[in-house]
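This report covers a single protein chain. The sheet comes first, then the largest pocket, one residue of a helix and the confidence of the model.

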Amino acid sequence: MKYVGMQTQIWRNNRNTVILLLMYPIIIIAMFWAFVFVLDYFSVFCAFTPDALMDAVTGTTVKDVCLEYPRSYGSHWPIVWFCFLKALPAVVVIVATWSILSYCSNVSIIRRITHARPLQRKENVRVYNIVENLCIAGGIEMPQIDIIDDPGLNAFASGIDIKSFTVTLTTGIIEKLNDEELSAVVAHELTHIKNRDTRLMVVCIVFVGLVSIMQSIFIETIKGMLYGATHSRRRNRKGGGGILIILFFALVGLVISTVAYFFSFINRLAISRKREYVADAGAAELCANPLALASALRKISEEPGLAYIGRNDVAQLYIIHPDEENDGLLQGLTKTIDTIFSTHPDTLERIQILEQF
């Protein structure tokens, strides 16, 4: 496999980061617009919007606009755009605040999700020596080193700048790989850092996480409303209308946020899986031993661990995604579909390329 120049890959990742920073807010704003559209279609605004919601320029209220249209199901575009534009600044502020806070605190968020902790030099001099030697050989900034107490074999890199770049290893991968294999894995993660792949992945985690939280809120709201409706019927029939209204809002939000999550997922897949091949090639070049990484990948694929975390957006950071490993029985169309929607290239194919490197 021909190795892609570092500067070329860095430029591509910086470009893709900008594209993603533009695409994800567009998806979220489109989701909000769809929410407003559906509510208008069922005449929710005309029925429940207070008179106080007024356009500061024209002095027009939503009620004034509603008077121009009959109370019937259907789209009323002036109402849709009126309500959308009135609420848009608040939505932008919320999304921007979430994005900035998540982007800046990504290391602590990933640590909390994966239960990682900083590894002190005195705990494992072997790991520190491997990382330092590779950084010196490759002219790479020395990252932080984290460890996860997990018997499985896995590793990943994270961070957005020199201060936050981190290589995380499981206790299993440290204990079960020999020095050459562990060096190859660390070199793979260091290549991700040098190529700025990690910055690109953090952007994905921030926005996909936002959509996931919205989904969770709507799901919990629906559960609460159904529970409340059940108990309300047992006690009396009063208040049922309010519960149904909130339930309707939550159902609409859940459907739209699910669609948004799908587009976010597709957008994430648009980040070429080639980054893993490039990182493999970088590791082979840095260690001058492609067979060591091939051997390490073979061992990791048998016991990748970390599946308990249950966050696919974070799992895309792993050197091998545990949920995308299979026992080799998938064939034909099933395997093709599985490959299309995988965040990582096929491990066997990666191994074969390294063995021919």
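In this predicted model, strand 2 (residues 144-148) runs parallel to strand 4 (residues 166-170), and five bridges join the two. Within this pair, isoleucine 147 lies opposite leucine 169 of strand 4. Helix 8 (residues 179-195) packs on the sheet and touches strand 3 and strand 4. The direction of helix 8 makes about 20° with that of strand 3.

The sheet as a whole is open, with four strands in the order 1-2-4-3 and mixed pairing. Strand 1 (116-118) and strand 3 (155-158) each have a single partner strand, so these two edge strands have one side without a neighbour in the sheet. On average, neighbouring strands are turned by 30° against each other, direction ignored.

The largest pocket has a volume of about 420 Å³. It is lined by 15 residues, and those closest to its centre are Met31, Phe32, Val91, Met214 and Phe218. By class, the lining consists of 14 nonpolar residues and one polar residue, with no charged residue. Four helices, listed below, each supply at least two residues of this lining.

| Helix | Residues | Lining residues supplied |
|---|---|---|
| Helix 1 | 6-41 | at least two |
| Helix 4 | 77-104 | at least two |
| Helix 9 | 197-235 | five |
| Helix 10 | 240-269 | at least two |

Which helix gives the most to the lining of the largest pocket? Helix 9 does, with five residues.

Phenylalanine 35 belongs to helix 1. Leaving aside residues up to four places away in sequence, phenylalanine 35 touches Phe249, Val252, Gly253 and Ile256. The C-alpha atoms of phenylalanine 35 and leucine 254 are 9.8 Å apart, while 219 residues separate the two in sequence.

Confidence varies along the chain. The average pLDDT of the protein chain is 79, and 75% of the residues score at least 70. Among the elements, strand 4 has the highest mean pLDDT (97), whereas helix 14 (residues 332-340) has the lowest (46). Over residues 327-338, pLDDT stays under 50. For residues 327-338, the model has four contacts beyond four places in sequence. Where pLDDT is low, predicted coordinates should not be read in detail.

Methods
Residues numbered from 1 in each chain as written. Predicted model: local features only at pLDDT ≥ 70, side-chain atom pairs only at ≥ 80, totals over all residues. Heavy atoms only, no water. Pairing = 2+ DSSP bridges. Axes fitted to C-alpha atoms, helices over the stretch in contact; angles between N-to-C directions. Contact = heavy atoms within 4.5 Å. 1 Å grid on protein atoms, 1.4 Å probe; cavity = no way out; pocket = protein on both sides within 12 Å on 5 of 7 lines; lining within 4 Å. Points joined across faces, edges and corners; volume = space filled by probe spheres on them. Nonpolar A, V, L, I, M, F, W, Y, C, P; charged D, E, K, R; others polar. pLDDT = per-residue confidence, 0-100.
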